Amino acid sequence: MPKHYISACIELENGADLQKAEKGLRLLAEQTQDEPGCLLFEIRQNLKEPNKFTLWECWTDRQALSDHFEMEHTKAYLAQNLTRVNYIEELGEIGMPADEKAA
């Protein structure tokens with residue numbers, strides 16, 4: 001069964017405190033890794049532009065990712081409005097047909 005891979009770029013909101021965002025993202029990553037269906041959830045900070053972060057995620061399926069946004073810790077982080085999403089990519093295995101990647 002195909003896994004659901006995500007890559008996302010997020011950026012500090014204008015006027016948001018970078019240290020508060022870093023602390024919040026560390027906590028979010030720690031709590032998310034314990035969620036059902038989460039196989040990988042990592043956040044890395046851009047070395048040249050520290051107000052930008054890349055998320056690498058792997059979920060058992062789309063429903064597990066959807067459930068992530070209903071978790072209290074996810075809602076609590078998002079409610080702080082510390083970062084905004086620049087882009088989200090759904091990814092699959094190399095050579096996998098697009099219809100199988102979307103399964």
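How does Phe 69 count at 41% relative accessibility: buried, partly exposed or exposed? Phe 69 counts as partly exposed. This report works from a predicted model.

## Phe 69 and its surroundings

Phe 69 lies in a loop. Helix 2, residues 62-68, comes on one side of that loop, and helix 3, residues 72-79, on the other. The label "partly exposed" follows from the cut-offs: buried means under 20% relative accessible area, and exposed means over 50%. At 41%, Phe 69 falls in between, so it counts as partly exposed.

Which residues does Phe 69 touch, leaving aside those up to four places away in sequence? They are Thr 74, Lys 75 and Leu 78.

## The chain as a whole

The chain has four helices and four strands. Read from the N terminus, the order is β-α-β-β-α-α-β-α.

The chain has 103 residues. A compact globule with that many residues would have a radius of gyration near 13 Å. The chain has 14 Å, which agrees. Along the principal axes, the C-alpha atoms fill a box of roughly 40 × 30 × 15 Å.

Contacts also link distant parts of the sequence. Take the contacts with a separation of 6 or more: 68% of them are between residues 24 or more positions apart.

## Inside and outside

How much of the chain is buried? Of its 103 residues, 33% count as buried. The chain exposes about 6800 Å². Carbon and sulfur atoms supply 52% of that area.

One nonpolar patch on the surface is formed by Leu 39, Leu 40 and Trp 56. Together they have about 280 Å² of accessible area. Trp 56 sits in strand 3, which covers residues 52-59. Its relative accessible area is 40%, so Trp 56 is partly exposed.

## Two cysteines, no bond

How many disulfides does the chain have? The count is zero. Why do Cys 38 and Cys 58 not form a bond? A disulfide needs two cysteine sulfur atoms within 2.5 Å. The cysteine sulfur closest to that of Cys 38 is in Cys 58, 8.2 Å away, and that is too far for a bond. Seen from the other end, Cys 58 is in no disulfide either, and its nearest cysteine sulfur is that of Cys 38.

Are these cysteines buried or exposed? Cys 38 has a relative accessible area of 11%, so it is buried. Cys 58 has 5%, so Cys 58 is buried as well.

Key:
Residues are numbered from 1 along each chain as its sequence is written. This is a predicted model: local features need pLDDT of at least 70, side-chain atom pairs count only at pLDDT 80 or more; totals for chains, interfaces and linings use all residues. Side-chain values use heavy atoms; hydrogens and water are left out. Buried means under 20% relative accessible area, exposed over 50%, partly exposed in between (1.4 Å probe, protein chains only). Patches are made of residues with over 30% relative accessible area and no salt bridge: like charges are joined within 9 Å, nonpolar side chains (Val, Leu, Ile, Met, Phe, Trp, Tyr) within 5 Å. Accessible areas come from the Shrake-Rupley method with a 1.4 Å probe; for residues, only the protein chains shown count as cover. A salt bridge is a side-chain nitrogen of Lys or Arg within 4 Å of a carboxyl oxygen of Asp or Glu. Helices (H or I, at least four residues) and strands (E, at least two) are DSSP runs, numbered from the N terminus. The radius of gyration is taken over C-alpha atoms; the globule rule is 2.2 Å times the number of residues to the power 0.38. Contact means heavy atoms within 4.5 Å.
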